[in-house]
Every structure is written in C-alpha cells, then in structure tokens.
Amino acid sequence: MPDPEITFLTFDEAVALARAEPGTELIGLQFVEPFTHLGVYMVETDIDEENVVHVAYEGGLLFSSSGEEDFYDAGDAPDEARKLFYVRKTALGDGDPSILGMTSEFVLAELIPGVGGDTKYRDHAHFSKHAGEQFRSFWRQV
C-alpha cells in the first residue's frame with residue numbers, strides 16, 4: 001500500500017506543478033514484469049526558461065552499467081511517460097535522493113522502501129522479484 005503521505009500525480013498534474021513551482025522535480029517510474037528494466041522519467045521546469053517544462057528519461061537493465069537517456073519537451077513526451085504516476089522527488093528516499101547516473105538497482109534501493117542494496121539478496125533474480133513486489137505495493141500503478 002502506498003505511503004499515505006505521498007501524493008501521486010498524473011503526467012498532466014506533474015507538468016502543471018512543475019510550471020507552478022519552478023525547481024520542483026517529479027519522478028515517474030516504469031518497472032514492469034519481469035522486473036529486469038527500470039525507466040525513470042523526471043519532469044521539471046527548465047532552469048533558463050520559466051514555464052518551459054522538460055521531461056528527462058534515464059533507463060536501463062538491472063545490474064548493467066549501460067543505459068539510455070533522452071530529453072523531451074513536455075508536449076513531446078512519449079506515451080509511456082504520459083501513462084505513469086509522478087511523485088515529488090523530495091518525498092522519496094532521504095528527502096532528495098541523488099539518482100542521476102546510478103544503475104537501476106541502486107535507483108530502486110534509493111526510491112522504493114523495503115528494497116535494500118543488491119548484496120542483501122542471494123542472486124539477481126531474487127533482487128528483481130523482491131524489488132518488483134515492493135514497487136507494486138508502494139508506487140501507484142497504471
């Protein structure tokens with residue numbers, strides 16, 4: 001069950017909030033079975049242009065140092081970003097978790113309660129299964 005203190009927003013609500021409160025970062029997570037790939041979307045106002053909202057994407061396979069990244073204007077964000085629920089970054093982890101450039105399993109450990117570092121698990125499959133369960137019980141699902 002999601003933490004009652006955390007407010008989940010639709011994509012449109014996240015974009016509106018980013019416009020209304022420049023500097024606010026919102027995170028949406030895409031993590032679906034078989035729980036081997038994590039996609040992280042970040043919605044935020046452009047630092048140089050107030051009211052211009054951008055969507056950044058970082059994603060990759062768990063336990064891989066390779067990944068993908070992309071950037072969009074809010075109006076050009078892909079459908080998968082528009083379907084997710086978003087949370088203020090400051091409501092997650094330690095209050096403002098640093099996740100840029102981290103591998104997917106460490107991002108999950110930073111953002112999802114109950115997911116420990118990968119050394120807590122007997123193997124990658126065990127980590128993926130547990131992380132998927134914790135994600136589904138914490139994050140509002142599409």
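Where does Pro34 lie? In this predicted model, Pro34 is found in the loop between S1 and S2. The peptide bond that leads from Glu33 to Pro34 is cis, with omega near 15°. Phe35 also has its place in the loop between S1 and S2. Phe35 is not a glycine, yet its phi is positive, at about 60°. Most residues other than glycine have a negative phi, and most peptide bonds are trans.

A positive phi also occurs at Phe63, a residue other than glycine, with a value near 65°. Phe63 belongs to the loop between strand S3 (53–61) and strand S4 (68–73). Its relative accessibility is 22%, so Phe63 counts as partly exposed. Phe35, in contrast, is buried, with a relative accessible area of 8%.

The nonpolar interior comes next. The largest nonpolar core has 26 residues. Ile27, Leu29, Leu108, Ile112 and Trp139 are those with the most contacts inside this core. Four elements each supply at least two of its residues: strand S1 (26–30), strand S2 (37–45), helix H3 (104–111) and helix H4 (124–138). H4 gives the most, with 4 residues. Leu108 illustrates the packing. Residues up to four places away in sequence set aside, Leu108 touches Phe31, Leu38, Leu62, Val115, Phe127 and Ala131. Another core, of 17 residues, lies apart from the largest one. Its members include Ala14, Val53, Val55 and Ala81.

Aromatic rings were examined as pairs. The count comes to 10 aromatic pairs. In one of these, Phe31 and Phe35 have ring centres 5.0 Å apart. Their planes stand at 50°, so this pair is tilted. Phe31 has 2% relative accessibility and therefore counts as buried. Its partner Phe35 is buried as well, at 8%. Tyr121 and Phe127 form an edge-to-face pair. Here the distance is 5.0 Å centre to centre, with 85° between the planes. Tyr121 counts as buried at 8% relative accessibility. Phe127 is buried too, with a relative accessible area of 1%. Phe127 is also one of the residues that Leu108 touches. Ring pairs further link Phe8, Phe31, Phe35, Phe135, Phe138 and Trp139 into a cluster. Two members of this cluster, Phe31 and Phe35, make up the tilted pair. Trp139 is among the residues with the most contacts inside the largest core.

Charged side chains were considered last. Side chains of opposite charge can pair when their charged atoms come close. The count comes to 4 salt bridges. One joins Lys89 and Glu25, with the closest N and O atoms 3.7 Å apart. This pair links distant parts of the chain, 64 residues apart. Lys89 sits in the loop between strand S5 (86–88) and H3. Glu25 sits in the loop between helix H1 (11–20) and S1. Lys89 has a relative accessibility of 11% and so counts as buried, the cut-off being under 20%. Glu25 is partly exposed, with a relative accessible area of 25%.

A further salt bridge is formed by Glu33 and Arg136, at 3.1 Å from N to O. Distant parts of the chain are again linked, with the partners 103 residues apart. Glu33 is in the loop between S1 and S2, and Arg136 is in helix H4. Glu33 counts as exposed at 58% relative accessibility. Arg136 is partly exposed, with a relative accessible area of 40%. Glu33 also precedes the cis peptide bond to Pro34.

Glu133 and Lys129 meet in a salt bridge of 3.3 Å, N to O. These residues are 4 apart in helix H4, so about one helical turn separates them. Glu133 is partly exposed, with a relative accessible area of 32%. Lys129 counts as exposed, at 54% relative accessibility.

Several of these features come together in the loop between S1 and S2. This loop holds Pro34, Phe35 and Glu33. Glu33 pairs with Arg136 in a salt bridge, while the ring of Phe35 pairs with that of Phe31.

Terms used
Residues numbered from 1 in each chain as written. Predicted model: local features only at pLDDT ≥ 70, side-chain atom pairs only at ≥ 80, totals over all residues. Heavy atoms only, no water. Core = buried A, V, L, I, M, F, W, Y, C linked by side-chain atoms within 4.5 Å. Buried < 20%, exposed > 50% of the residue type's maximum accessible area, 1.4 Å probe, protein only. Contact = heavy atoms within 4.5 Å. Phe/Tyr/Trp six-rings, centres within 6.5 Å; stacked < 30°, edge-to-face > 60°. Salt bridge = Lys/Arg side-chain N within 4 Å of Asp/Glu carboxyl O.
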